[in-house]
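Thanks for coming. I will take one chain, go through it region by region, and then stop for comments.

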Amino acid sequence: MAQHDYINKKPANRNNKKQAPAKKPFPILLVLIALILVGGFGYGLWFIKHNANPKLVEQQANPTKKEEVIPLPEPPEFIQEIKDHEVQVEVKEIEQKGPYVMQCGSFRTMDQAQALKAKIAFAGLVAEVKRTEGSNGTWYKVRLGPYETKRMAESDKNKLKRIKIMGCGIWLWT
């Protein structure tokens, strides 16, 4: 025996009271309005073509260039004064305080100081290790310089910052 699907089965049309929708009538009024508009546009084009002034039509078809020279206004007097003006600036010599030295580290052992000196050498700069005796023992200082100006020392300090060597100090050389 075949199985029946009672859930999805549609009931039989017992009383079909629905009627097919009525057809809409042809829109005669809209067609007439469209024909009148198209006809009016065509008549307007014909009217413009046959009632145009022939002189204006010829002038529009073959325009003649009339060269009108418009004189440029003369520039105001102050513009020439600005061009001729000379500015005099007083240049002051910046007094140099003296040679500078840059110290990048101070270590207890010579090996640590030599390691930093090697890193600085990879940046293309020359450093020296100076041994100093202090009240609290022996220190090995890694120094660069002397520099004539502080700007030159700052330039080398920025090179060292790019290779991650921070904490260098710039002082007057004594």
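Let me start with a single residue: is valine 31 buried, partly exposed or exposed? The relative accessible area of valine 31 is 34%, and the cut-offs are under 20% for buried and over 50% for exposed, so valine 31 is partly exposed. Please keep in mind throughout that this is a predicted model.

Valine 31 sits in helix 1, which covers residues 28-50. On the surface, Val31 joins Phe26, Ile28, Leu32 and Leu35 in a nonpolar patch of about 520 Å².

Now the chain as a whole. There are five helices and four strands. Read from the N terminus, the order of elements is α-α-α-β-α-β-β-α-β. The radius of gyration is 49 Å, whereas the globule rule gives 16 Å for 174 residues; the value is well over the rule, so the chain is more spread out than a compact globule. Along the principal axes, the C-alpha atoms fill a box of roughly 115 × 100 × 25 Å.

Some totals for the chain. Of the 174 residues, 15% are buried. The accessible surface is about 16,700 Å², and carbon and sulfur atoms account for 58% of that surface. Among contacts with a separation of 6 or more, 66% are between residues 24 or more positions apart.

Next, aromatic rings. How many aromatic pairs does the count give? The count comes to two. Ring pairs also link Tyr43, Trp46 and Phe47 into a cluster.

On to strand 1, residues 100-107, and two of its residues. Tyrosine 100 is in strand 1, and its relative accessible area is 9%, so tyrosine 100 is buried. What does tyrosine 100 touch, leaving aside neighbours within four places in sequence? One run of contacts is Gly145, Pro146, Tyr147, Glu148, Thr149 and Lys150, and the list also includes Ile170, Trp171, Leu172 and Trp173. For a distance to go with that, tyrosine 100 and leucine 116 are 16 residues apart in sequence, and their C-alpha atoms are 20 Å apart in space.

The other residue is glutamine 103, also placed in strand 1. Its relative accessibility is 14%, which means that glutamine 103 counts as buried. Not counting residues up to four places away, glutamine 103 touches Lys141, Val142 and Arg143, and also Gly167, Cys168, Gly169 and Trp171. Trp171 is thus in contact with glutamine 103 and with tyrosine 100.

One of the residues that tyrosine 100 contacts is Pro146, and that brings me to the backbone. Proline 146 is in strand 3, residues 137-147. Which residue is joined to proline 146 by a cis peptide bond? The partner is glycine 145, and omega is about 15 degrees. There is a second backbone point, at lysine 164, where phi is near 70 degrees, a positive value in a residue other than glycine. Why mention both? Most residues other than glycine have a negative phi, and most peptide bonds are trans. Lysine 164 lies in the loop between helix 5 (150-162) and strand 4 (169-172). The relative accessible area of lysine 164 is 68%, so lysine 164 is exposed.

Last, salt bridges. The count comes to two. One is between the side chains of arginine 131 and glutamate 133, at 2.8 Å from N to O. Are its partners buried or exposed? Arginine 131 counts as exposed at 52% relative accessibility, and glutamate 133 counts as exposed at 55%.

The other joins lysine 159 and aspartate 156, with the closest N and O atoms 3.9 Å apart. The cut-off is within 4 Å, so 3.9 Å still counts as a salt bridge. Both lysine 159 and aspartate 156 lie in helix 5, three residues apart, which is about one turn of the helix. Lysine 159 counts as partly exposed, at 34% relative accessibility, while aspartate 156, at 11%, counts as buried.

To recap, the chain is more spread out than a compact globule. In strand 1, tyrosine 100 and glutamine 103 are buried. The backbone points to look at are the cis bond between glycine 145 and proline 146 and the positive phi at lysine 164. That is where I will stop.

Definitions and conventions:
Residues numbered from 1 in each chain as written. Predicted model: local features only at pLDDT ≥ 70, side-chain atom pairs only at ≥ 80, totals over all residues. Heavy atoms only, no water. Patch = residues over 30% accessible without salt bridge, like charges linked within 9 Å, V, L, I, M, F, W, Y side chains within 5 Å. Areas by Shrake-Rupley, 256 points an atom, 1.4 Å probe, with all protein chains shown as cover. Buried < 20%, exposed > 50% of the residue type's maximum accessible area, 1.4 Å probe, protein only. Rg over C-alpha atoms; globule rule 2.2 N^0.38 Å. Contact = heavy atoms within 4.5 Å. Phe/Tyr/Trp six-rings, centres within 6.5 Å; stacked < 30°, edge-to-face > 60°.
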